[in-house]
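The following account leads the reader through a single protein chain, from its overall order of elements to its sheet, its cysteines and a pair of helices. The sequence and the model are shown first.

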Amino acid sequence: MGVPTAAAAPDVLGMALGGLGLLFFVLGAGTDCWREDAKDPHSSVGLSSRCRGLWSECVFDNMASLWTCDIPTSYLSEHPAVLVTTRALVIVTGILCTGAMPSLIVGMRCTHLMRDNVRQKYKFTLAAGTLFLLGGLAGTAAVLWYAVDTVQKYRLEVSFGIPGVTYELGYSYWMAVAGTLCTCAAGILLLVANCPRTQRPRRKPPHVLLPPDFQRRGTYL
């Protein structure tokens, strides 16, 4: 029995948003440029460009056209609380979104990986929506905390007028923001579209059986 396109549309859109969000998070973690040198008069950077990420800090020499990266010998050593928390939340987001993908594939109306049990499919889809939403909320906490810390440090350095390198939010951070928005949207869409109240079949009004004698009787004025 075929599935109407309109019925499968929320699942397909949720899959697209969730996959796009996960891709943005992977790109943000892989490119690892969450902070870059600010383009303002307070920054003394001229011959080089700096990127500071969750896992390393890199400098690009404009004269030699060469990247050099400083990677910590141990990720378990002492680091700022905001950095450790952001790392943990990004990892949690990736795990939750990765776990949501197979659950959504199984629960989609247009797939036939399990018997056509509507109730079971709704459970898988709701689980996928919950995982996407939890992953999006974890990512939201990560990007908000990281942004607040970056802005506070920038304002502090500018207010004192200390010459040196000042940092602003880099392109990897904005990839993570885009990933957060996509995963939250995917989770909300799947939960709303597969809410038990909206999917509960309408009950037909009970059919009252009248006694045979009453059915034979006519109405007389």
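The crossing of helices α2 and α3 is left-handed, and this pair offers a convenient place to begin reading what is a predicted model. Helix α2 covers residues 81-107 and helix α3 covers residues 118-160. Their axes lie 8 Å apart and meet at an angle of about 160 degrees. Because angles over 145 degrees count as roughly antiparallel, this value makes α2 roughly antiparallel to α3. In the contact of α2 with α3, 21 residues are nonpolar, 9 are polar and 2 are charged.

The two helices belong to a chain of mixed composition. The protein has 6 helices and 5 strands, and along the sequence these elements follow the pattern α-β-β-β-β-α-α-β-α-α-α. Of the 221 residues in the protein, 35% are buried.

The strands can be considered next. Strands of a sheet pair through backbone hydrogen bonds, either parallel or antiparallel. Here, 5 strands form an open sheet with the order β4-β3-β2-β1-β5, and the pairing is antiparallel. The edge strands are β4 and β5, the latter formed by residues 167-169, and each of these pairs on one side only. From one strand to the next, the twist averages 25 degrees.

Within this sheet, strand β2 (residues 48-52) runs antiparallel to strand β3 (residues 57-61), and 5 bridges join them. The connection between β2 and β3 is a hairpin that passes through 4 residues. The register of the pair can be followed from residue to residue. S48 of β2 stands opposite D61 in β3, S49 has F60 in β3 as its bridge partner, and R52 stands opposite E57 in β3.

Strand β3 continues the sheet on its other side. Strand β4 (residues 66-70) pairs with β3 in the antiparallel sense, again over 5 bridges. The bridge partner of V59 in β4 is T68, while that of F60 is W67. F60 thus appears in two pairings, with S49 and with W67 of β4. The strands β3 and β4 form a hairpin with 4 residues between them. In its turn, S65 has a positive phi of about 55 degrees.

In the other direction from β2 comes strand β1 (residues 35-37), which pairs with β2 in the antiparallel sense over 2 bridges. In this pairing E36 stands opposite C51 in β2. C51 also leads to the next feature, the disulfide.

How many disulfides does the structure hold? The structure holds 1 disulfide, formed by C33 and C51, with sulfur atoms 2.0 Å apart. A disulfide is a covalent bond between the sulfur atoms of two cysteines. The torsion about the S-S bond of C33 and C51 is about -70 degrees, so the disulfide is left-handed. C33 lies in the loop between α1 (5-31) and β1, whereas C51 lies in strand β2; the pair therefore ties together parts that are 18 residues apart in sequence.

Are the two partners buried or exposed? Residues under 20% relative accessible area count as buried. C33, at 1% relative accessibility, is therefore buried, and C51, at 10%, is buried as well.

Other cysteines remain outside this bond. C97 is in no disulfide, and the nearest cysteine sulfur, that of C184, is 8.8 Å away. With a relative accessibility of 1%, C97 counts as buried. C182 is likewise in no disulfide; the nearest cysteine sulfur to C182 is that of C184, at 9.6 Å. Since a disulfide requires sulfur atoms within 2.5 Å, neither the 8.8 Å of C97 nor the 9.6 Å of C182 qualifies. C182 has a relative accessibility of 12% and so counts as buried.

Taken together, the model presents an open antiparallel sheet of 5 strands, a disulfide between the loop that precedes β1 and strand β2, and a roughly antiparallel pairing of α2 with α3.

Definitions and conventions: Residues numbered from 1 in each chain as written. Predicted model: local features only at pLDDT ≥ 70, side-chain atom pairs only at ≥ 80, totals over all residues. Heavy atoms only, no water. Axes fitted to C-alpha atoms, helices over the stretch in contact; angles between N-to-C directions. Parallel < 35°, antiparallel > 145°, perpendicular 65-115°, else oblique. Left-handed = near helix turned anticlockwise from the far one by under 90°. Nonpolar A, V, L, I, M, F, W, Y, C, P; charged D, E, K, R; others polar. Pairing = 2+ DSSP bridges. Buried < 20%, exposed > 50% of the residue type's maximum accessible area, 1.4 Å probe, protein only.
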